[in-house]
Amino acid sequence: MTDHGEIDSVSGRTTTGHEWDGIKELNTPLPRWWLITFYLTIIWAIGYWIVYPAWPLISSNTTGLFGYSTRASLAVELANLEAARGEKMAALAAAPLADIEKDPALLALARAKGRVVFGDNCAPCHGSGAAGAKGFPNLNDDDWLWGGTLEQIMQTIQFGARSGHAKTHEGQMLAFGKDGVLKPDEIVTVANYVRSLSGLPTRQGFDAAKGEKIFTENCVACHGDGGKGNQEMGAPNLTDKIWLYGSDEATLIETISQGRSGVMPAWDGRLDPATLKAMAVYVHSLGGGK
Amino acid sequence: MNTAVNPNELTSDDDYGPLYASRKKVYPQSVSGTFRRIKWGLMAFCLGVYYFLPFVRWNRGLGAPNQAVLIDLPNSRFYFFFIELWPQEVYYFTGLLIVAAVALFLMNSIGGRLWCGYLCPQTVWTDLFYAVERLIEGDRRERMKKDKSSDPMKLERISEIVLKHSIWLLIAWWTGGAWVLYFNDAPTLVKQLITFQAPMIAYIWIGILTATTYVLAGYMREQVCTYMCPWPRIQAALTDEWALNVTYRYDRGEKRTSVKKAAELRALGEQVGDCVDCYQCVAVCPTGIDIRNGPQLECIQCGLCIDACDTVMKKIGRPTRLIAYDNDINIQRRQEGKPPIYRIVRPRTIIYSAMIAAVGGIMLYALLTRSLLDVNVLHDRNPVAVRLSDGSIRNAYTVRLLNKRGFDRVIAIDVDGPVNATVHVVGVDSVTPDRPMIVIGRDQTAELRLLVTAPAESNPEKSIPVHFHVTDIGLGEAASATDNFVAP
Ligand code: SF4
Ligand code: SF4
C-alpha cells in the first residue's frame, strides 16, 4: 500500500494526508483481523438474506432457502408443547371429577389450565377474576343459582342455562308486569316484601301482609317458601345478601315487571372434556364451591 | 498555521495510508524470577480450581446432588458446598459481583493492573499456551528463526507444528469440557460425553469454548488486551498517582549504553544510566512493548520485564529493580534526593476495603440468618373481597410455601386476622379446625389457595392486617408474612 502521508513530528507516525484547518489526521490503521471480521459480517448478512425470509415483495416476501418461517416454527413448538403436556392432560381426563381436588398435582394442573381457559372463554361475562357483574354471577361467592357442588358446576358449564342445548338448565323469571299478571302497585308491594326477606329496609307504609299474599300466590312456586330459592329452576334465594341484578327497589320492580332470563352458553362440544373438568375444578376452587 | 486544503488532495485516491496494519508477532522469551514464580503459582492454582472443582463431592443427603459446586439449571438451584441457593436468592450473585468489582478497584489502586497481569483468564491461558509453544518450538530466537526459515516444510517442523496445535486443542477442549461439568453431575456427564449420550447442548458449549480458547489464547493473545478488552481504558480512570505500576525508573540515570562503554564513560566522570540497553525487558514482554518508554496501554503489568532486568542487573553487578512496581511520585522524590514513600493505606483503599467488608458482611449475615422455610402471600386482586350469602366476607390469598430443606415437612398454617375468621385451604381437608396442615416435599415450593372468611358480626370496616404464620410442626421452624383483609 502506498503511503503518501508525511511524518508527524510529534508522534512520529504518518498522516493520512488529510488536513482541515491545520489539523492533520494521523494514520491509525485497523488491525487486519478486525477488518476481516468486519468483511465477514457483511458476507454473513448477505448469506442471511438468502437463507432466511428477508426481502419484501409486492404481496409476499422471499421465503429463503429452507422455507423457514417463525409462524411454522411456532406451530411446531406448540405441537411439541401439547405433546409434552399430553400425558398430564390425559391423567386429568381420566381422573374422576371428585378425585381431582384430592391430588395436589392434578389440582395444580386443573387450576392452572382452568385459569387460562376461564380467561379465554368466561372472563368476557364473569370478569377475569370471576367477580361477575350485574346479571353475571360472581363465582367467588357461595350463592349458586344452579348449585355449587363440583358436579353441579360441571353440569352448568357443560350445558349452560337457557342455552338451547338439550340438557340445559331451564327456568324463567316471569315478566309479571309486562304480561299483566300483577298491577303496578302490587309489584311495588311485592318488591318491598322481597326486600324485607333479606332484612333490607322497606318503603314507609308498605303493607307486609298484602306483600306476603302476592308473594305466596305468584312467587313461591319457583322461589320456594319464604323465598329460599330453588336450584332446580335456577330461582335465586331471596333471603341472602347476594343479588344478581341488584336489590334496590327500582331494580326489583324492573325485575318483577320485565322478568329475567340470562343465558349461560353450553361449552360441551366446544371444549374437550379434560378442559371442561379443569374449568369446573378451577371455578369450584375459587372459594364459593360447596 | 492555516494552510489551505488542496482540493485535489481530498479527491485523489492515492493519498491514503495503509488500510490495515498486520500484527507484529510477539515472541516472548522465557524468563525466571520472582514474578515469573508468582505467575506460575497462580496459574497452577487458577487452572487447578477451574479444571478439577466439578469433581469435588459434597454430601447433601440421599437424592440430592452431591457435587460441591453445581449450577442446576433445570431445577433452578445453585449449589456451592454447604450453600444452596434458590432463584429468588440471586441477589447473592449481585452481591458477589459488587464485591468482585470493588476488589478489582482495590487491586487497581494498590498495584495497577494486577488482575490483568496475574489473574485474567486471557493472561493465564495465553501464558499456558506460550509455555507449550516454548517447550515444543524452543525459545524466542529459535521460534523467530523457524518462522522466518525459507524452507518451513521440513518433516521435523511440520511435526512440531502439529504437536503444538494438538496440545493447544487438547487444553482448549478440556477448558470447554470443564465448563459444562459445572452444569451437570460431572462423573455422569463425563461418561455420557465419552459414550456420546450427553445432551447436544453440552457438545455445543464444549465446541464453542474449545474454539474460543484456542483462538483467543493461541492466536489473538495480546491483541485481546489491546483491542478487545475495555478494562485497560477503564482502569486508567480508576487508578491514581499512588498506585504501583510496572515502571522503568529513569531516575537511575541516562544515557543507556553498553556495559563496556558505560564503564569508560563513568571513568571519564560522565553521566550514564544503569540500563545497558540489552533489550531483555522487551524480549520477554508478552505484549511486545518497551516499558522504558513509560506507561502504555498495552502493558498488562505482568512484571516479567522486572524479572528479566533483575537478572541483567545481577550479572553486571548493579542494584536490581531498575524496573519495578513503583510510581512517578517516588521517581520524583528520589530525583530530589528524598526517600521514596509507599502508601498503600489511603482514603481510596480504605473506602474500597470498607465496601468489600460491608457487602461481604451483609451477604454473610443474610446467608447465615436466611430461613429454610419461607412463605409468600399474594392477595387476590380481582375480586379483592367477596360477600357470601350469609353476609360474611371472604378474602382469598395465594400462599407460596418454600421448603429449602432436603426432606419432606409438615407445615401448619395459622392465620391471625379478623376475629373468629375461618381458614380453608382449597384441596385440603383440615383435621384441626382453622389450622390447615400441608405436606411439602423436600426442596420444593407449594402454591396454595387460601380462603379467610370473617363472619358477618366481625366484619372489618375497611382493611385490617392479617398475618400468616407457617410452622414446621416437627422442627418448630417458623416463618410469617403479612397482608391485608379487605371488606368489599
Ligand atoms: S512491559 Fe513488562 S509488565 Fe508490561 S506487559 Fe511487558 S513484560 Fe509485562
Ligand atoms: S532489561 Fe533492564 S538493562 Fe536491559 S534494556 Fe531492559 S531496562 Fe535496560
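Let me start with helices H5 and H7 of chain B, which in this predicted model are roughly antiparallel to each other, because their axes cross at roughly 155° and angles over 145 degrees count as roughly antiparallel. H5(B) covers residues 121-137 and H7(B) covers residues 155-181, and the two axes come within 10 Å. As for handedness, H5(B) passes H7(B) in a right-handed crossing. On the H5(B) side the contact is made by B:Trp125, B:Leu128, B:Phe129, B:Val132, B:Glu133, B:Ile136 and B:Glu137, while H7(B) contributes B:Arg157, B:Glu160, B:Ile161, B:Leu163, B:Lys164, B:Ile167, B:Trp168, B:Ile171 and B:Thr175. If we sort the residues of this contact by class, we find 10 nonpolar, one polar and five charged.

Let me turn to chain A, where helix H7, residues 184-197, takes part in two packings that I would like to go through in turn. With helix H10(A), residues 249-258, the axes come within 9 Å and cross at roughly 120°, and that angle makes H7(A) oblique to H10(A). H7(A) passes H10(A) in a right-handed crossing, and the residues that H7(A) brings to this contact are A:Ile187, A:Val188, A:Val190, A:Ala191, A:Asn192, A:Val194 and A:Arg195, facing A:Glu249, A:Leu252, A:Ile253, A:Ile256 and A:Ser257 of H10(A). By class, this contact of H7(A) with H10(A) divides into eight nonpolar, two polar and two charged residues.

The other partner is helix H8(A), residues 208-218, whose axis comes within 8 Å of that of H7(A) and crosses it at roughly 95°, which makes H7(A) roughly perpendicular to H8(A). Here A:Asp185, A:Glu186, A:Thr189, A:Val190, A:Tyr193, A:Val194 and A:Leu197 of H7(A) meet A:Ala208, A:Lys210, A:Gly211, A:Glu212, A:Ile214 and A:Phe215 of H8(A). The contact of H7(A) with H8(A) has seven nonpolar, two polar and four charged residues. If you follow individual side chains on the screen, please note that A:Val190 and A:Val194 are listed in the contact with H10(A) and are listed again in the contact with H8(A).

Next, the ligand site in chain B. Which residues are around ligand 2? They are B:Tyr248, B:Cys275, B:Val276, B:Asp277, B:Cys278, B:Tyr279, B:Gln280, B:Cys281, B:Arg292, B:Cys309, B:Met313 and B:Ile323. Among the helices, H13(B), residues 280-284, and H14(B), residues 304-316, each supply at least two residues of this shell. By class, the shell around ligand 2 has nine nonpolar, one polar and two charged residues.

Some backbone details also deserve a look, given that most residues other than glycine have a negative phi, and most peptide bonds are trans. In chain B a cis peptide bond, with omega about 5°, joins B:Glu254 and B:Lys255, and B:Lys255 lies in the loop between strand E5 (245-248) and helix H12 (259-267). Another cis peptide bond joins B:Asn382 and B:Pro383, with omega about 0°, and B:Pro383 is found in the loop between strand E7 (373-379) and strand E8 (386-387). In chain A, A:Ala130 has a positive phi of about 60° although it is not a glycine, and its place is in the loop between helix H5 (123-126) and helix H6 (150-159).

Finally, a word on confidence. The model scores ipTM 0.72 and pTM 0.73. Chain A averages a pLDDT of 89, with 98% of its residues scoring at least 70, and among its elements strand E1(A), residues 15-20, has the lowest mean pLDDT, at 80, whereas H6(A) has the highest, at 94. For chain B the mean pLDDT is 89, and 94% of the residues reach 70 or more. Over residues 5-16 of chain B, however, the pLDDT is below 50, and beyond near neighbours in sequence this stretch has 19 contacts in the model.

Methods
Residues numbered from 1 in each chain as written. Chains lettered and ligands numbered in written order. Heavy atoms only, no water. Near = heavy atom within 4 Å. Helix = DSSP H or I, 4+ residues; strand = E, 2+ residues; numbered from the N terminus. Nonpolar A, V, L, I, M, F, W, Y, C, P; charged D, E, K, R; others polar. pLDDT = per-residue confidence, 0-100. Contact = heavy atoms within 4.5 Å. Axes fitted to C-alpha atoms, helices over the stretch in contact; angles between N-to-C directions. Left-handed = near helix turned anticlockwise from the far one by under 90°. Parallel < 35°, antiparallel > 145°, perpendicular 65-115°, else oblique.
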